[in-house]
There are 2 protein chains.
Amino acid sequence: MRAEIITIGTEILLGQTVDSNSAWMGQRLSEVGVEVQRITSISDVPAAIRAALDAVLPSTQWVLITGGLGPTKDDLTKHVLTEYFGDSLTFRPEIFAHIEALFLKMGRVPNALNRPQADFPEKAEILHNAMGTAQGMLWTHNGMRFVSMPGVPYEMKHIMETGVLPRMRSEQRQVHVHRYFVVQGIPESELATRIANWEDALPEGISLAYLPSPGVVKLRLSAQVEKTRQEEVHAVLDFQSDKLKAILGSDLYADDLLPLEVVVGERLKALGQTVGTAESCTGGAIAARLTSIAGSSAYVIGGIVAYSNTVKEQQLGVRKADLLLHGAVSESVVRQMAEGVCKRLKTNWGIASSGIAGPDGGSEAKPIGTVWLAVAGPQGTWAQKFSMGTNRTRTVEKSVLAALDALRRGLEQEASK
Amino acid sequence: MRAEIITIGTEILLGQTVDSNSAWMGQRLSEVGVEVQRITSISDVPAAIRAALDAVLPSTQWVLITGGLGPTKDDLTKHVLTEYFGDSLTFRPEIFAHIEALFLKMGRVPNALNRPQADFPEKAEILHNAMGTAQGMLWTHNGMRFVSMPGVPYEMKHIMETGVLPRMRSEQRQVHVHRYFVVQGIPESELATRIANWEDALPEGISLAYLPSPGVVKLRLSAQVEKTRQEEVHAVLDFQSDKLKAILGSDLYADDLLPLEVVVGERLKALGQTVGTAESCTGGAIAARLTSIAGSSAYVIGGIVAYSNTVKEQQLGVRKADLLLHGAVSESVVRQMAEGVCKRLKTNWGIASSGIAGPDGGSEAKPIGTVWLAVAGPQGTWAQKFSMGTNRTRTVEKSVLAALDALRRGLEQEASK
């Protein structure tokens, strides 16, 4: 099954908005086995909308249109599409009742601008938008399905999840089955070498995709099969997944698309243990990442951002002599930071970072990108030196991930004690 | 002048990559007065590339193609375009010399895969790519310019900045002149009301655009004029800018596109003063934002992430009685946090946050999104309560910006003493 995405909105052409809606749709569609052939972004001008509809590829079955639906002048898309499909608008009381109910929740009443939002094309089907006033529209025209949705991300996602994707799934003769695996700190090329034999021996019809992002590689194992053969394929995927897990061992941090901070949080909660941070080069980013998860106050006690050496000494108890002798970016100091935060904040675990994020401060012995990370825990303190490269933002990002992954390994050992 | 952007790469259609290249291009093109008519994303398949070239709008003068240039099979785009334009490839020694030089820097030698990268279409002009091996190509065909660039963001940007945008600028009879203004914490609608009289009285040919993002609104004042009238228009824009600055007063945090953390950092450096953070609900994100700026160690001493009440008491000296009486999310506690961090870390300024980011922990008296922020400084302590809404991530993001803006106001008062 093939789809095209058309996004309407001058703000995308002007670069004021990055088109993350299409990326989200592309991901979800590929998961149900629908191939996105093309994404087109156009301005919210009738002629541009009509031209885009004229240019739809004949091989397309679903045309997914986002944007240009709203209470003000943006409402243009509905009128252009209605006219294009030789349709006409009528007032739908059930839509107006929904709009009134939404307004009531906010303690308001719909105004004159909102009433036309209940006008709906006669030949189109309503794709209910529980999250907003503009309803999704579905036309069948020349054997193709045309869906128009608002551009507001959570409204579009709601209509896709409740109105579009289930319909596509039920129409597919085949289903797509996936398994995800996430690995931190191993470059894509090294990972590929490690799993090459396993990958080459994958049975026909089962494919592997690498989805790399800074510091993390996601692996997706997929199969496309007739609906009747689902169970059989799940068994094959499970078998292959077990093999992959055995190869990757503790380097695999999740067999699902979970962020590291969620995995770490779950393990801390399961053990009933707590964590504190002692950050120099990451400047609070490790703590911010840990606390980005709802409910993290159950295991994050707090942290010290020790940007200056004085704070390292006075708040974390790092020995002045070691700062002078080894420098702040050293194994000795980062260990004392991790252990110091455990002692000061009375936590089971301490994570510490000290490095040269750049662009200044590098030397021959400690070039820019040199980062020492340490994790102190019930079984002792682990520390390691990394070379994170010359980009300040990436160095911080990669250090946060590497530190969380070190904590994750410590927690796994602790759990298996 | 009109342009179209074509991005080649299955990873965009699959949603594995968000098309931020096109957003960047859209911004830069609009700044030089080139209108982007359409952005099309297609897969890296010859038929799709040819179909996209066939579909170029007749009103287009520049077709900007990114992606599908690289040392492996990705190199496809070059072959398809060369064939499409009835051209042929020849080996260019000067390109190979450049590739060799790039490899030498990394201590490597080009391999067999790299040699074909020096093959270049005869009728095309080289747009030099100093950042990578794949060179930009510029064809003139049917009166249109076709540019092909690699999809690697920094390589594409380099070619745009050095090869494409200067050419467009020189061909434009008109120039585009802009002034930017950035405002924090005032909703777009309120801002629009405050500056309505000024906006309505703008002289003809001068336009204003609102570029909103969470917590921040950027304003762009633009004029498009004949090159010969540049100076005159700059004078008009300066005059209007001064008027706008007078209306917005200290609510305007920068008359340029600067992030708040840069503005705050510059002011701290100018005053020779320092800052520390005491964060509860923002969990380290204020410190992380401040230290994301190179050279911030000159004024960021450090911070305390006081997620638990024990840390608030023991590390920041918050009185237990106030925690019990008023709760952690209260004016009394947030003031003590800001003052406590100044005292403990010996900084001139202290920024503190305490709030309910949600989704749990709200009550009728303190609903989710309630955030107290405080800034302690040489002239005393400022504190304010905010309602940041129910989205955890946005609450943290908006709290960081509001806290930095409060510090900015404090620093401005301090500087004008």
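The domain assignment, which is automatic or taken from a database, splits chain A into domain 1 (2-171), domain 2 (174-254) and domain 3 (260-415). This is a predicted model, in which local features need pLDDT of at least 70, side-chain atom pairs count only at pLDDT 80 or more, and totals for chains, interfaces and linings use all residues. Residues are numbered from 1 along each chain as its sequence is written, while chains are lettered from A and ligands numbered from 1 in the order in which they are written.

On the overall layout, the C-alpha trace of chain A spans about 80 × 55 × 40 Å along its principal axes. Taken over C-alpha atoms, the centres of domain 1 and domain 3 of chain A sit 46 Å apart. Of the 417 residues in chain A, 42% are buried (20 or more other C-beta atoms within 10 Å of the residue's own, with C-beta atoms placed from the backbone).

Now for the interior. The largest nonpolar core (buried Ala, Val, Leu, Ile, Met, Phe, Trp, Tyr and Cys residues joined through C-beta atoms within 7 Å) runs to 117 residues, and A:M337 and B:M337 have the most contacts inside it. Neighbours within four places in sequence aside, B:M337 is in contact (C-beta atoms, placed from the backbone, within 7 Å) with B:A278, B:A306, B:K312, B:L316, B:V318, B:A352, B:S354 and B:A374. In soluble globular proteins, nonpolar side chains tend to be buried together.

As for contacts in chain A between residues at least 6 apart in sequence, 67% join residues at least 24 apart.

Terms used:
Buried ≥ 20, exposed ≤ 12 C-beta atoms within 10 Å, placed from the backbone. Contact = placed C-beta atoms within 7 Å.
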